[in-house]
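Student: I would like to go through this chain one feature at a time, with short answers.

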Amino acid sequence: MKRIGFITLLLIFSLGDGYAQSRDWRVHRRGMLHQAVYNTGELGRAYNAGGTVQPSSPSMEWPPNSSMVLDRVNYPGQHNSFGSGIWIAATRPGGRVYTFCGATSNTNGEPVPVVGVYSTPLELRKIENFPVLADGELNSAYDPDEAEEIIVSRWDTPVGIRVTRTSRAWSFPGYDSFIIYEYEFENVTGDTLSDVFITFANTFAPSMFGYQRNHGDWSEGNFRGQPPAGLGDHFARYDLKRFMSYNHERDGLPDPELFDQWSIPGGRGGLNSPQAVGLMVLHYDYDHLSTRDQTAQVFLVPQDSAGMWDENGKAKQPFLLRYENGNLPAEAKTATWMDPTLRRKTSIWQSITDSTRFAEQFEPELWPYWKGRTTSSANLSWWQPVSRAYGFYPYFLPPGEAMHFTVAELAGYGPGVAGDRVYKDLGGSVRAGVDAGFWFNPVPSWYDTLQYDFLGSKDYIGSTYLQDHPLPWYVTPGVVSIRDVADRAIEIYSGQPLTKYDTLQYKPEETQPSGRYNTIPIPVPAPAIRIEDTRAAANRIIWGPQVESFTTPRLHAPFSHYEVLRAPHPLGPWTVIDSVSPGDSRYYSDGEYSIIDPESNLGDNVAYAVVSVDQLGGRSGMSNLTRHETQAPPAETLGKVYVIPNPLLVTSGLSGSDPGGEIGDRLQFVGLTRRCTIRIFSYTGQLIQTIEHVQETYGNPWYQLSINNQIIASGVYYFVVEDRDSGKVANGKFVVIH
């Protein structure tokens, strides 16, 4: 890792080498891809082939802030991974040793402990390198040649390898949908480690929200080739030119009920599973690859032994590309993939049949590069699409030496764009199709459908959605598909000009072991904002002018103006409240900008952001997105208390979002003091619910839940409010009509 002298926020939980710490995580939130990074090697969460995701621990969440309550169902959001990690194996004098730092389960696909078994956490720290500090002032320690958000995690393993992972994220539009992970694997023993196997074990499952919304469940889309009803639409793919393994859903899962409402400009889009999510390799260690006399690998297929060695006598990479179902028990399955005494799990491109596939179905000019490297396993669609083993082997690591790898997690709005159907990659098939020779297939998109006769009753992949609907707000125009995102990840890591790897071959063995991060134009950052309540229950958005003077040698263009945005939910639809020029006399006074949201409604949860726009039209990221409940200061004395809406009708037209419950069920008690007790009674006098209100707000929402946690029936209800300081009492009634 580069020397980092710009630390503005440093959270260190390690006491130094040899001192273990407890399992912990930090979260990347700077860009559009949110991910939890653990000091155990895990990413996202402890691996589980289903279940749910805790709000504080996103698992490849894209777009972010996507949790919501809808029709009384809690949807944790657009998470796209069951949990990922690192698998390592090596031979020491005492024999073969394995460690599984994440992405490991019991025989039922359920989590197993990692700490104390496979990893010993040593360090975890998060570094904020954003140009603007939390108080709005410019960050004098900002380093433009580093990421805006960095997480360093370090752990020891029973293999004798200490792993240091440095992950980076940015808010720059177009560069905000990937996270780059630089890994150092250091031999901290006195032994030479041979036949070292490094495997990036990732799971991709777009998306939690989409599958819950459309199928009532988010779990592995199949089990041993038998997809449950409605599932089986995940497709595993591999882009050879970008070294990228990724996943996508068949058609993006159009929402069954709210398609039109969500498809409006500035909204989230009408597809519930639009993501293509995956992992690409930006660099792999070449220097420490074993020569033929340094490995004990037994090759049961003679062609593998003859074909996998390059002109320097080193094994061609990758060595393993394996797709599997959601059961990842280390003792039953995983170790066999990384055992030098057993046959390798994915053979190499070596035969005339392989050559013909390249010549007739793919780019024949790439054949000399890929000959002798591994093929992917045959499970190129919903047969076994979720779990990926992306492995590199064999390595020879003397004491004190370290190997370096760099990978990137990515998310894009589909596998490709309209013109990408002329290109092909590995995927879009099933076992029967692969056996019949359909290794390579056109890249699908959400612009058009592709027909596949061998896919059975669902003989298509893709969608026409983007022919008739705009891109959602969180997708940067021109950086749409996962292929577009991958090319930007290569650009920012390599420091080379942006290149489209549609026919060109990216070669991660030829790149530097750490990123350059010093060539991308830097946008004017978004200002720090705060939201204040007013006595009229109209939200005031406030920020300072500091970003107007932001400068850096790679500045995209000087500052032009601000756009003030609001949305009923962080997923949109976003609308512009106003455009604000520097020193705008309508809003600027006493060194601050202040603008009132004219659409404020008491009790509404609203999302706000202020975006900086430069003189060339470049925009900052929405890094200051803030969610706020519209309230007024509490009443000084208890007077009249109102319930709104009253009556509450199913067709009342309430819109927006509320993290506390379904907005259509919400009643607001307004006119409250700081400390009071609300008691709600039925028409017959039965106590329905008691609410203790202790907060600095004028109102308090209630979601019609009784003491027994049941939605109340239609009818007339009475309430009594008692001020706990003065003893004053207010009462009234309201009507609920379902």
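**Loops, cores and a pocket**

Tutor: Lys728 sits in the loop that runs between β36 (715-723) and β37 (729-737). Keep in mind that this is a predicted model.

Student: Is Lys728 buried, partly exposed or exposed?

Tutor: Buried requires under 20% relative accessible area and exposed requires over 50%. The relative accessibility of Lys728 is 42%, so Lys728 counts as partly exposed.

Student: Which residues is Lys728 in contact with, neighbours within four places in sequence left aside, and what separates the C-alpha atoms of Lys728 and Leu638?

Tutor: The contacts of Lys728 are Leu638, Val721, Glu722 and Asp723. Lys728 and Leu638 are 90 residues apart along the chain, and their C-alpha atoms are separated by 6.6 Å.

Student: Where does Leu504 lie, and is Leu504 buried, partly exposed or exposed?

Tutor: Leu504 is in the loop between α9 (482-494) and β22 (529-532). Its relative accessibility is 45%, so Leu504 counts as partly exposed.

Student: Which residues is Leu504 in contact with, again leaving aside neighbours within four places? And what separates the C-alpha atoms of Leu504 and Pro158?

Tutor: Leu504 is in contact with Lys241 and Thr499. Leu504 and Pro158 are 346 residues apart along the chain, and the separation of their C-alpha atoms is 40 Å.

Student: How many helices and strands are there in the chain, and how does the radius of gyration compare with the globule rule?

Tutor: The chain has nine helices and 37 strands. For 738 residues the globule rule gives 27 Å, and the radius of gyration is close to that, so the chain is as compact as a globular protein of that length. The radius of gyration is 28 Å.

Student: What box do the C-alpha atoms fill, and what percentage of the residues is buried?

Tutor: Taken along the principal axes, the box is roughly 90 × 55 × 50 Å. Of the 738 residues in the chain, the buried share is 60%.

Student: Among contacts between residues at least 6 apart in sequence, what percentage joins residues at least 24 apart?

Tutor: The count starts from contacts in the chain between residues at least 6 apart in sequence. Of these, the share joining residues at least 24 apart is 71%.

Student: Which residues touch the most other members of the largest nonpolar core, and which strand gives the most to this core?

Tutor: The core has 73 residues, and those touching the most other members are Tyr183, Phe185, Phe200, Phe405 and Tyr413. Five residues of this core come from the strand that gives the most, which spans residues 402-413 and is β17.

Student: Which residues is Phe200 in contact with beyond four places in sequence?

Tutor: Phe200 is one of the residues that touch the most other members of the largest core. Its contacts include Tyr183 and Phe405, and the others are Gly85, Ile86, Leu279, Arg388, Ala389, Tyr390, Phe392 and Val407.

Student: How many residues are in the other core that lies apart from it?

Tutor: That core includes Phe82, Val114, Phe197 and Ala335. Its number of residues is 32.

Student: Which residues of helix α4 are buried, and which elements do they pack against?

Tutor: Helix α4 covers residues 330-337, and its buried residues are Ala330, Lys333, Thr334, Ala335 and Trp337. They pack against β5 (85-92), β6 (95-101), β11 (193-203), β15 (320-324) and β16 (387-397).

Student: Which residues lie nearest the centre of the second largest pocket, and what is its volume?

Tutor: The pocket is lined by 31 residues, and those nearest its centre are Pro173, Thr476, Pro477, Arg619 and Ser620. The lining divides into 19 nonpolar, eight polar and four charged residues. The volume is about 680 Å³.

Student: Where are Pro318 and Pro394, and what is omega for the cis peptide bonds that lead into them?

Tutor: Pro318 is in the loop between α3 (302-307) and β15, while Pro394 is in strand β16. Most peptide bonds are trans. For the cis bond joining Gln317 and Pro318, omega is about 0 degrees; for the cis bond from Tyr393 to Pro394, omega is near -10 degrees.

Student: Where is Asn709, is Asn709 buried or exposed, and what is its phi?

Tutor: Asn709 lies in the loop between β35 (699-702) and β36. With 56% relative accessibility, Asn709 counts as exposed. Its phi is positive, in a residue other than glycine, at near 65 degrees.

Note on methods
Residues are numbered from 1 along each chain as its sequence is written. This is a predicted model: local features need pLDDT of at least 70, side-chain atom pairs count only at pLDDT 80 or more; totals for chains, interfaces and linings use all residues. Side-chain values use heavy atoms; hydrogens and water are left out. A nonpolar core is a set of buried Ala, Val, Leu, Ile, Met, Phe, Trp, Tyr and Cys residues joined through side-chain atoms within 4.5 Å. Buried means under 20% relative accessible area, exposed over 50%, partly exposed in between (1.4 Å probe, protein chains only). Helices (H or I, at least four residues) and strands (E, at least two) are DSSP runs, numbered from the N terminus. Contact means heavy atoms within 4.5 Å. On a 1 Å grid over the protein atoms alone, a cavity is a set of points where a 1.4 Å probe fits but cannot get out, and a pocket is an open set with protein on both sides within 12 Å along at least five of seven lines; lining residues have an atom within 4 Å of a point. Grid points are joined across faces, edges and corners, and a volume is the space filled by probe spheres set on the points. Ala, Val, Leu, Ile, Met, Phe, Trp, Tyr, Cys and Pro count as nonpolar, Asp, Glu, Lys and Arg as charged, and the others, Gly among them, as polar. The radius of gyration is taken over C-alpha atoms; the globule rule is 2.2 Å times the number of residues to the power 0.38.
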